[in-house]
Every structure is written in C-alpha cells, then in structure tokens.
Amino acid sequence: MTDTTAETGTGAEQADHERPPEPTIKDYRQRYETYAAIPETGRDRAEVLAEMRAMAELEAARWEQGYASGSVYNGDPDHIAFLNEVYALNSQANPLHTDLWPSGTKYESEIVAMTATMLGGGGIGDGPGSDTGVCGTVSSGGSESIQLAMKTYRDHALATRGITEPEMIVPISAHAAFDKAAQYFGIKIIHIPTGPDWRADVAATEAAITDNTVVMVGSAPSFPHGVVDPIEELSELARARGIGFHTDGCLGGFVLPWAEKLGWPVPPFDFRLPGVTSMSADTHKYGYAAKGTSVVLYRNVELRHHQYFTITDWPGGLYASPSFAGSRPGALSAACWAALVSTGESGYLAATRAILETAGRVKAALRADFPELEIFGDPLFVVAFRSVDDTLDIYRVLDAMTALGWSLNGLHRPAAVHLCVTQRTTQPGVTDRFVVDLRAAIDEVRAHPTAEGGMAPIYGMANTIPERGLVAHAMLDHMDSWYRLP
Ligand SMILES: Cc1ncc(COP(=O)(O)O)c(C=O)c1O
C-alpha cells in the first residue's frame with residue numbers, strides 16, 4: 001500500500017505521477033473486444049482471466065489506497081483472500097434448496113441471529129433464533145432490506161388494520177431506497193424535513209401521521225449527512241399509535257453498537273427501544289462481508305410472515321421464498337457468515353475505533369484549517385461539508401478532488417460533498433493526503449472558477465431546472481448509456 005503524500009507533505013502536485021488512474025468504459029472498449037453475441041467458440045480461460053485481472057487491478061488502485069468514500073469498507077488483502085476462498089468453496093450453493101445445502105440455512109439463520117443480538121435483540125422474548133425473539137432474513141443489500149420491510153408493513157397493515165391506501169413517513173434525508181419502495185409497492189410516501197441539526201423533525205413527523213400511516217422511518221445514521229435521527233422520540237410516536245417503526249441501520253448498523261461499547265456518544269437507535277419494530281443493517285458495508293448481503297430484522301415472527309411469499313397451487317410444486325429473489329447466491333451468505341465469525345467482536349471494535357479516530361481527525365482538520373467550509377451536524381464517521389463562501393462552488397471542489405484521484409460523494413439540496421470513512425481511510429497518511437489535496441483543490445477552483453466539464457455543471461443544472469421531469473429524463477438517458485455498445 002503506497003501513500004503518496006504522507007512523507008512529502010508538500011501538496012498534490014508533487015504526487016501527481018503516483019496518483020491512481022481513473023479507468024473509463026471508453027478505455028476498455030478500445031482495448032478489449034466488445035461482445036454483442038456469445039462468441040462462436042469459447043475463449044481460452046487463461047486469456048479471459050488475464051483480461052479480467054488487468055481491469056480489476058486497474059480499478060483496485062483507487063479504493064485500495066483509500067481514495068474512495070465508502071464503497072470498500074475493509075479491503076485488507078488477507079481478508080479479501082479469505083472471503084474469496086469461502087466463496088470458491090460454496091459457489092454452487094443455493095439457499096433455496098435447503099435439502100441440498102443445509103449449510104446455507106445454518107449460515108443465514110446465524111447471520112440473522114448474530115445481527116439481531118448485536119442490535120439489542122438479546123433481551124427480547126427467548127432471544128434471536130427462537131420463535132419469540134427478534135428475527136429476520138438475509139437480503140442482497142441495503143435497498144432490498146428496506147424494500148422488503150416496507151412491503152411487509154404494507155401487507156401487515158392491510159391484514160391487521162384493513163388499510164388499502166398505505167402511507168409511510170420518511171425523513172427527506174433517508175435513503176432513496178424508501179422512495180423506490182414507495183414506487184414499487186404503491187405506498188404514498190410523505191417526506192418530512194430535517195431540523196437545523198440535519199436530523200428528522202419530530203414535530204413535523206407527528207403532524208404527518210394519519211389513519212393510513214403504516215410505518216415511520218429514521219436513519220442511524222443517514223447517508224447524506226451521517227447524523228442519527230432522534231429515533232427514541234420518533235419510535236415512541238409510532239408506538240403510542242400502534243404504527244411500525246423502521247430504523248435504517250444499513251450504514252451504521254455494524255458501527256454504532258461498537259462505537260457505543262467504545263464510549264462514543266451514540267443515541268439509542270436499536271431494538272432496545274420498544275417502538276423500533278424493524279431494522280436494516282448491511283453486512284456488505286461495515287460488516288465487512290463481500291458485496292451482496294444485508295440483513296432485515298423484525299421485532300417478531302408475525303411481522304416477518306408478511307415478508308414471506310408462498311404459493312400452494314403452482315404446477316411447479318409448493319413454493320416458498322423468504323425474500324424477492326428465488327434462487328440466491330449461497331456463496332455470498334457463506335462469505336458473510338465467515339466475515340462475521342472471523343472478524344469477531346474484537347475485530348469490529350478495533351476497526352470501529354480506527355474509523356472513528358480517523359473521522360475525528362478529518363473533522364478537526366476541516367474545522368481548524370478550512371474556514372470556507374462547514375461540516376453538517378456532528379457526525380461520527382460520514383463527514384459531509386459544504387461551502388460557506390458564496391464564491392466557492394463545492395461541486396467544482398468535488399471535480400478538482402476527482403482529478404486528484406478521489407472518489408467522493410456529491411450531495412444536493414443543499415449542495416455538499418461527503419467522505420464516508422472506512423478501514424481504507426484509516427491507513428497511514430490517507431487523512432493527511434485528503435487535507436493536502438482538499439486545500440489544493442480549493443486553491444485550484446479559486447484560481448480557475450469558470451473551468452468546464454465534470455459534475456459541477458450537471459449538479460448545477462439539476463439544482464436550477466425547476467422541471468424535475470427533464471432532470472429525470474436525463475437520468476434515464478444516462479442509464480441507457482450504461483448498456484449501449486459501441
Ligand atoms: C443509510 C443507507 N441506507 C440504505 C442504503 C442502501 O444500501 P445498498 O446500496 O446496499 O442498497 C445505503 C447505502 O449507502 C445507506 O447509506
């Protein structure tokens with residue numbers, strides 16, 4: 001792992017030659033054959049592997065060296081090699097076929113139970129893994145966990161309260177997956193604003209409750225600003241009215257419990273709050289599993305039943321499936337289980353300490369050395385900042401950071417950028433490099449305020465065009481471009 005500026009500390013320019021490349025799809029199309037049909041005869045495996053290895057190595061440079069916000073949360077080469085070995089052992093496994101792969105059932109039930117215990121489910125009923133404790137399922141990622149939970153509340157409310165026009169109350173800062181769920185499952189979504197501290201507004205939430213409310217939501221923490229919503233107050237509002245409450249711990253579910261144990265100030269957010277009836281927590285983020293798994297949890301089995309799918313008169317037989325997919329990648333569940341048990345509490349505590357200390361250094365440097373920037377709230381490990389100087393366009397700063405090798409997240413409404421600190425960011429020299437590069441990026445933007453290209457004009461357009469349909473249409477075109485062959 002090379003660090004480009006830690007020793008020199010002399011700014012971004014000197015390190016330019018060592019910066020990781022930014023490969024593009026155009027480069028690949030020029031370098032390798034593009035297939036619109038299956039080749040007539042199969043290609044040599046060694047040649048295929050060599051081509052794929054070349055792309056993977058090129059792409060790894062940025063995240064390995066800590067230039068990425070979020071994305072790869074562990075990234076240690078030994079950890080990755082271990083997960084790959086587990087994957088290889090289980091690559092044919094499909095948890096749908098419990099008879100062929102009982103190991104898949106063992107892994108998934110234990111992933112769910114371990115996550116439920118970590119998130120305050122230990123003292124409820126006979127505990128996780130019993131028929132009376134906090135329960136759940138494994139899913140393919142945070143978005144699926146959230147969508148499963150929202151569908152569950154819709155169906156539960158129809159069955160138990162006869163609600164046919166369901167509504168969900170969601171802070172504007174919650175992940176887009178809630179809007180996606182609303183769209184997919186025909187639930188009306190009511191967005192509530194955040195307060196001056198960027199946390200969900202409790203009074204506005206209370207005012208939004210109607211007889212059709214099936215679920216209320218809070219994030220721990222939110223993706224954009226990394227702050228934890230007032231889950232205790234919000235979940236109490238829900239509980240008092242017999243409404244479900246979902247804590248989205250996709251990002252923080254595998255950080256906050258350890259942060260709390262380490263003595264960081266963590267507001268209550270999990271099943272220890274009686275009003276919290278479901279949670280999502282992503283094993284493929286800070287659980288350090290391979291990409292493709294997450295956990296959705298429910299306070300009781302009755303609620304989980306509304307997630308399940310069964311059909312009793314299909315000619316293909318009696319069919320039951322717990323989540324959206326039919327066949328599922330058993331190897332990913334196996335690798336997830338292996339990540340949890342091999343990391344262990346000691347591993348999560350050590351990783352969390354390093355992440356929180358690193359984020360603390362980033363926050364301190366921003367506050368001390370960047371009077372032109374302002375941090376949103378007081379986040380633990382996702383540091384969002386915006387320009388307080390009208391003459392400094394934060395999206396141009398984002399572009400200048402991209403040119404220096406960084407992959408940060410652009411936010412809008414309001415315009416801002418965030419760095420989600422991972423184990424990659426905790427490597428020696430990465431925060432120093434971030435600070436040096438950010439200063440260089442700001443100086444560059446001040447020197448060339450009218451430069452063209454990058455994300456700045458796109459965000460500028462998205463923020464100024466009042467007709468959202470036009471913006472959405474541009475996004476559809478953009479997605480089409482992902483599938484267009486030359
Ligand atoms: C708070 C939060 N919820 C949900 C998600 C969605 O997770 P995924 O990208 O795995 O679908 C994310 C992703 O960053 C997130 O930060």
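**A buried arginine, a ligand shell and some unusual backbone**

Arg-424 is buried but forms no salt bridge. Asp-76 offers the nearest side chain of opposite charge, and it is 4.9 Å away. A salt bridge here requires a distance within 4 Å, so this pair does not count. The model is predicted. Where does Arg-424 sit? Its place is in the loop between strand E13 (416-420) and helix H13 (430-447). The side chain of Arg-424 does have a partner: at 3.3 Å it reaches the backbone oxygen of Glu-64.

Now turn to the ligand. The shell around the ligand has 13 residues. Gly-142, Ser-143, Asp-248, His-284 and Lys-285 come nearest. Which element gives the most to this shell? Helix H5 (residues 142-161) does, with 3 residues. Sorted by class, the shell holds 5 nonpolar, 5 polar and 3 charged residues.

Several contacts involve oxygen atoms of the ligand. Gly-142 uses its backbone: an N or O atom there lies 2.9 Å from a ligand oxygen. His-284 uses its side chain, with a polar atom 2.8 Å from an oxygen atom of the ligand. Lys-285 also brings a polar side-chain atom, 2.9 Å from a ligand oxygen. How much of the ligand does the protein cover? On its own, the ligand has 390 Å² of accessible area, and the protein covers 84% of that.

Next comes the backbone. Most residues other than glycine have a negative phi, and most peptide bonds are trans. Some places in this model depart from that pattern. Ser-71 is not a glycine, yet its phi is positive, at about 70°. Ser-71 lies in the loop between helix H2 (45-64) and helix H3 (77-89). Tyr-288 also has a positive phi, about 65°, without being a glycine. The loop that holds Tyr-288 runs between strand E6 (278-281) and strand E7 (294-298). Are these two residues buried or exposed? Ser-71 has a relative accessible area of 40%, so it is partly exposed. Tyr-288 has 2% relative accessibility and therefore counts as buried.

Cis peptide bonds appear too. One joins Ala-220 and Pro-221, with omega about -5°. Pro-221 belongs to the loop between strand E4 (213-219) and helix H8 (231-240). Another joins Arg-413 and Pro-414, with omega about 5°. Pro-414 is in the loop between strand E12 (409-411) and E13.

Finally, consider Gln-183, in helix H6 (residues 176-185). Gln-183 counts as exposed because its relative accessibility is 68%. Gln-183 and Pro-221 are 38 residues apart along the chain, and 23 Å separates their C-alpha atoms.

Key: Residues are numbered from 1 along each chain as its sequence is written. This is a predicted model: local features need pLDDT of at least 70, side-chain atom pairs count only at pLDDT 80 or more; totals for chains, interfaces and linings use all residues. Side-chain values use heavy atoms; hydrogens and water are left out. A residue is near a molecule or strand if one of its heavy atoms lies within 4 Å of it. A polar contact is a pair of N or O atoms within 3.5 Å; within protein, one must be able to donate a hydrogen and the other to accept it, and residues adjacent in sequence count only if both atoms are side-chain atoms. Accessible areas come from the Shrake-Rupley method with a 1.4 Å probe; for residues, only the protein chains shown count as cover. Helices (H or I, at least four residues) and strands (E, at least two) are DSSP runs, numbered from the N terminus. Ala, Val, Leu, Ile, Met, Phe, Trp, Tyr, Cys and Pro count as nonpolar, Asp, Glu, Lys and Arg as charged, and the others, Gly among them, as polar. Buried means under 20% relative accessible area, exposed over 50%, partly exposed in between (1.4 Å probe, protein chains only). Lys and Arg count as positive and Asp and Glu as negative; His and the chain ends are not counted.
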